[in-house]
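Let's take a walk through a protein model together. Keep the 3D view open and turn it as you read.

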Amino acid sequence: MSDQGVETISAREARRIALAAQGFTERRPDVAGKRHLLKTIERLGVLQIDSVNVVSRTHYLPLFSRLGAYPRPLLEEIAWGKKPALVEYWAHEASLLPPSTHPLLRWRMDDARAGVGTWKGIARFLRTHEDFIERVLAEIEARGPMPASELNLGAKGAQGWWGWSEGKRALECLFWVGDLTAATRRGTFERVYGVSDKVLPRAVRETPTPPREDAQRELIRIAARAQGVATERDLRDYFRMPVADTKARIAELVEAGELTPVEVTGWDLPAYLDPAARRPRKVVANALLSPFDNLIWFRERTERLFGTRIRLEIYTPAHKRVHGYYVLPFLQGEAITARVDLKAERKKGVLLVQSTHAEPGANDQTPALLAGELRLMAGWLGLDRVEVQPKGDLAERLSEAMP
């Protein structure tokens with residue numbers, strides 16, 4: 001205990017609490033089914049979506065990290081099938097969510113419509129294109145859910161956000177404010193937009209809109225359960241909450257006894273513990289982590305937890321990259337011990353390890369354990385073999401560990 005009566009926990013204990021909260025103390029099932037996927041997503045609270053498909057689109061990877069080689073069509077079924085069990089919205093980033101979380105974000109939809117904070121561009125577009133917006137909504141009402149490519153309105157390829165057409169901008173703005181939602185995905189991961197009042201599950205549509213403060217408190221609770229122990233910035237980042245609102249909600253939850261203030265040795269910021277968080281004495285886990293995995297997506301927290309600086313180098317010029325283009329850290333036990341730059345060469349049936357770098361926590365077991373996860377991933381992706389290129393200080397030992 002500190003002089004103020006606040007419990008002090010070690011950095012190692014905080015790391016174990018965080019890993020347990022994220023599901024890394026659970027034994028992987030022999031055969032992962034729909035129930036395992038839904039339980040994992042419920043635990044995480046949110047599954048970030050990203051279109052980069054160098055290895056696999058990122059929303060598939062956190063489930064693989066925790067469950068092993070589950071059938072990927074199961075995620076597609078619960079996310080975009082005929083009776084989806086998940087919904088899409090901007091939560092952390094573009095995300096898949098349990099349906100019960102969708103109403104908790106209606107305040108964000110209202111902020112986007114009103115142009116509060118960072119949403120001024122969305123509100124401006126809706127305000128300056130009122131007639132066009134009405135025609136877009138009318139076309140989707142009349143024709144049913146459709147992707148932007150099938151919308152027969154607006155200038156095609158007009159200059160704008162990311163070179164989007166006027167129609168795509170309208171659809172995305174309407175998605176932000178909640179008038180439209182993702183009915184499904186098709187083809188090369190193209191979002192199909194539908195009217196929310198027709199597409200969202202009935203339970204979501206019929207849920208009364210909670211007051212802003214109540215909704216935000218519940219989002220903080222979800223973030224706290226998913227992280228175990230976290231700073232204010234960690235909790236805020238999980239659902240990208242406003243600064244002032246986050247501080248107010250945390251204070252309210254502390255007062256109610258739903259968050260416990262703690263000090264973590266080596267952390268320079270106050271922390272908050274989920275009172276129900278598990279405190280394992282040891283964590284034994286081997287997992288390749290997507291760069292967008294919930295465990296490491298907030299780089300400041302990752303460095304605090306693991307002493308490892310993770311940076312996404314996709315947008316870094318090739319000659320300036322340190323570890324590679326699409327790099328997956330390797331979680332070994334309680335440490336990040338290696339990083340691999342991976343690429344799925346689908347036509348060749350090869351999972352290509354373009355570079356392999358050791359972290360300070362690497363040991364004699366690291367190459368063999370990493371090799372095992374890479375072989376598991378290759379099989380899960382439908383690839384025949386793993387090929388290790390001779391780049392990086394761990395590449396030779398990894399190659400020797402491959403059969």
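How many cavities of 30 Å³ or more does a search of the whole structure find? Just one. Keep in mind that this is a predicted model. As for how such a search works, rolling a probe the size of a water molecule over the atoms shows where empty space is left. Here the largest cavity comes out at about 30 Å³. Its walls are made by Gln22, Ala226, Gln227, Tyr238, Asn294, Leu295 and Arg301. Sort that lining by character and you get three nonpolar residues, three polar ones and one charged one.

Now let's go looking for charges that pair up. The structure has 36 salt bridges, and a few of them are worth a stop. Start with Arg27 and Asp30: they form a salt bridge whose closest N and O atoms sit 3.1 Å apart. Both of these residues are exposed.

Next, find Glu88 and Arg185, another salt bridge, with 3.0 Å between the closest N and O atoms. This one ties together distant parts of the chain, with the two positions 97 residues apart: Glu88 belongs to strand β3 (residues 87-90) and Arg185 to strand β6 (residues 180-186). Are these two buried or exposed? Both Glu88 and Arg185 are buried.

A third pair is Glu172 with Lys168, whose side chains meet at 3.5 Å, N to O. Both sit in helix α8 (residues 166-176), and being four residues apart puts them about one turn of the helix from each other. Why does Glu172 count as buried? Because its relative accessibility is 3%, and buried means under 20%. Lys168 is buried too, at 18%. Now put the pieces together: Glu88, Lys168, Glu172, Arg185 and Arg191 are all linked in a network of salt bridges.

Last stop: a sheet. Strands of a sheet pair through backbone hydrogen bonds, either parallel or antiparallel. The sheet to look for is an open one of four strands, in the order β1-β9-β10-β8, and its pairing is mixed. At the edges stand β1 (7-9) and β8 (229-231); each has a single partner strand, so one side of each has no neighbour in the sheet. Going from one strand to the next, the twist averages 45°.

Zoom in on the edge strand β8 and you'll see how it pairs with strand β10 (residues 271-273): antiparallel, over three bridges. To pick out one of the contacts, find Ala230, whose bridge partner in β10 is Tyr272.

Terms used:
Residues are numbered from 1 along each chain as its sequence is written. This is a predicted model: local features need pLDDT of at least 70, side-chain atom pairs count only at pLDDT 80 or more; totals for chains, interfaces and linings use all residues. Side-chain values use heavy atoms; hydrogens and water are left out. On a 1 Å grid over the protein atoms alone, a cavity is a set of points where a 1.4 Å probe fits but cannot get out, and a pocket is an open set with protein on both sides within 12 Å along at least five of seven lines; lining residues have an atom within 4 Å of a point. Grid points are joined across faces, edges and corners, and a volume is the space filled by probe spheres set on the points. Ala, Val, Leu, Ile, Met, Phe, Trp, Tyr, Cys and Pro count as nonpolar, Asp, Glu, Lys and Arg as charged, and the others, Gly among them, as polar. A salt bridge is a side-chain nitrogen of Lys or Arg within 4 Å of a carboxyl oxygen of Asp or Glu. Buried means under 20% relative accessible area, exposed over 50%, partly exposed in between (1.4 Å probe, protein chains only). Two strands pair if DSSP finds at least two bridges between them. Axes are lines fitted to C-alpha atoms, for helices over the stretch in contact, and angles run from 0 to 180 degrees between N-to-C directions.
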